[in-house]
Amino acid sequence: MERIYHTMKNAGAVNIAIGIILIITGITMGVLSIVYGSILLKRKSDLEF
């Protein structure tokens with residue numbers, strides 16, 4: 001029985017770590033999107049297609 005609890009504890013720890021990594025990645029991507037979007041809006045007159 002102790003092996004099952006040990007395995008469940010490890011699985012929970014890995015899931016928490018993956019969740020934290022995904023949250024940090026999402027926040028980073030959001031900030032980068034906002035920054036580069038504002039740069040594009042700032043230089044809108046320079047862009048030509």
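How many helices and strands does the secondary structure of the protein chain come to? Here are a few friendly notes to help you find your way.

1. The protein chain has one helix and zero strands; these are DSSP runs numbered from the N terminus, with H or I over at least four residues for helices and E over at least two for strands. This is a predicted model, where local features need pLDDT of at least 70, side-chain atom pairs count only at pLDDT 80 or more, and totals for chains, interfaces and linings use all residues. Residues are numbered from 1 along each chain as its sequence is written, and side-chain values use heavy atoms, leaving out hydrogens and water.

2. Along the principal axes, the C-alpha atoms fill a box of roughly 70 × 15 × 5 Å. T28 and E2 give a feel for the spacing: 26 residues apart in sequence, they sit 39 Å apart, C-alpha to C-alpha. For T7 and I23, 16 residues apart along the chain, the C-alpha separation is 24 Å.

3. Of the 49 residues, 0% count as buried (buried is under 20% relative accessible area, exposed over 50%, partly exposed in between, with a 1.4 Å probe and protein chains only). T28, in helix α1, is partly exposed because its relative accessible area is 37%. Y36 belongs to helix α1 (residues 2-42) and counts as exposed because its relative accessibility is 53%.

4. Y36 also helps make a nonpolar surface patch of about 750 Å², together with I23, I27, M29, V31, L32, V35 and I39. The protein chain exposes about 4900 Å², with carbon and sulfur atoms supplying 71% of it.

5. One last detail to look at: T7 lies in helix α1, and a polar atom of the T7 side chain is 2.8 Å from the backbone oxygen of R3.

Key:
Patch = residues over 30% accessible without salt bridge, like charges linked within 9 Å, V, L, I, M, F, W, Y side chains within 5 Å. Areas by Shrake-Rupley, 256 points an atom, 1.4 Å probe, with all protein chains shown as cover. Salt bridge = Lys/Arg side-chain N within 4 Å of Asp/Glu carboxyl O. Polar contact = N/O pair within 3.5 Å; in protein donor to acceptor, adjacent residues only side chain to side chain.
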